[in-house]
Amino acid sequence: MAVELYSFKEIEKIKRACDVVVDVLQAVAKAVKPGISTYELDLIAREETKKRGAKPAFLNYKPPFSDERFPASLCVSVNEAVVHGLPKKEQVIKEGDIVSLDFGAYLDGYAGDSAITVAVGEVSREKRMLMEATSEALREAVKACVPGNWVSDIVDAIYKVAKKYGVYPLKNLGGHGIGRKVHEEPFVPNHPATLAQEKKDYKLRQGMVLAIEPMLSLGTEEIAHNGDRWTVITADGSPAAHYEYVVAITKQGPIVLTEYKHG
Ligand code: MG
Ligand code: MG
């Protein structure tokens with residue numbers, strides 16, 4: 001499958017879908033408190049998406065690696081969970097957790113996708129450092145999103161920041177193209193070994209829109225599964241963090257389409 005190139009008009013539409021995604025994620029993040037279940041967080045995401053006239057992108061989504069459809073709108077990955085965390089009634093958030101919230105939505109035929117990691121109350125110094133490392137890796141990866149660079153430059157940017165902090169990018173996971181569909185070509189690995197396995201690199205061009213999503217862990221590069229058929233965890237059980245932005249590649253430089261308002 002070829003990599004889609006988008007016009008500025010289309011990029012604007014992707015931006016509108018991304019605006020909904022960010023609004024929903026910020027509403028869910030506010031609700032992340034000790035005592036709430038990950039299932040309740042999913043319900044909030046559904047409600048907030050509906051309010052905005054959009055459709056959750058992950059609900060009933062069938063990824064190529066599964067023969068089932070994802071039964072929730074939101075992925076909630078707590079502590080050692082990396083991505084694709086399946087919300088559950090019995091999984092209750094507690095003080096000291098770090099919680100990755102990953103959400104996608106469709107609005108007017110275009111998709112948005114973003115992820116943030118939220119600290120619940122006081123978290124350990126190591127978890128705090130891991131969150132900082134992962135968001136710095138994302139910011140550095142965004143800087144690499146210029147025409148003429150390659151997907152491998154994004155992989156390198158993430159790797160360098162991980163090494164600087166002494167943390168680990170997780171293998172076999174990564175970002176992706178996005179636009180008319182939530183997951184498009186190219187795959188944007190988070191680990192150089194995964195890129196090497198792909199045996200494919202892509203030159204970045206004006207009009208490409210990428211979801212960049214570094215996932216870093218405190219102890220390992222290897223992933224495992226927790227048995228619920230969806231949730232990806234670190235192989236050694238160490239905590240992981242995850243942030244995701246959608247970036248448009250333009251001659252004027254990278255434009256981040258997932259804008260978070262602070263304060
Ligand atoms: Mg996502
Ligand atoms: Mg994504």
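How many disulfides does the count come to? The count comes to 0, taking a disulfide as a pair of cysteine sulfur atoms within 2.5 Å. This is a predicted model, in which local features need pLDDT of at least 70, side-chain atom pairs count only at pLDDT 80 or more, and totals for chains, interfaces and linings use all residues. Residues are numbered from 1 along each chain as its sequence is written, chains are lettered from A and ligands numbered from 1 in the order in which they are written, and side-chain values use heavy atoms, with hydrogens and water left out.

1. Cysteines. For Cys 75 the closest cysteine sulfur is that of Cys 18, 16 Å away and too far for a bond. Cys 145 also has its closest cysteine sulfur in Cys 18, at 13 Å, again too far. Cys 75 is buried, at 5% relative accessible area (buried is under 20%, exposed over 50%, partly exposed in between, with a 1.4 Å probe and protein chains only). Cys 145 is buried as well, at 0%.

2. Metal site. Asp 113 (OD), His 176 (NE2), Glu 213 (OE) and Glu 244 (OE) are the protein donors of the magnesium ion (ligand 2), at 2.1 to 2.2 Å. Donors here are N, O and S atoms within 2.8 Å of the metal (3.2 Å for Na, K and Ca); water is not among the atoms, so sites may look incomplete. Along the chain the donors are spaced D-x62-H-x36-E-x30-E. Asp 113 also coordinates the magnesium ion (ligand 1), which is 3.1 Å from ligand 2.

3. The two glutamates. Glu 213 sits in the loop between β9 (209–212) and β10 (215–217), and Glu 244 in the loop between β13 (240–242) and β14 (245–250), so the pair ties together parts 31 residues apart in sequence. Helices (H or I, at least four residues) and strands (E, at least two) are DSSP runs numbered from the N terminus. Both Glu 213 and Glu 244 are buried.

4. Helix α3. This helix covers residues 125–143, 19 in number, and reaches 27 Å from first C-alpha to last, close to the expected 27 Å (1.5 Å times one less than the number of residues). Its buried residues include Lys 127, Leu 130, Glu 136 and Val 142. An α-helix has 3.6 residues a turn, so residues three or four places apart point the same way.
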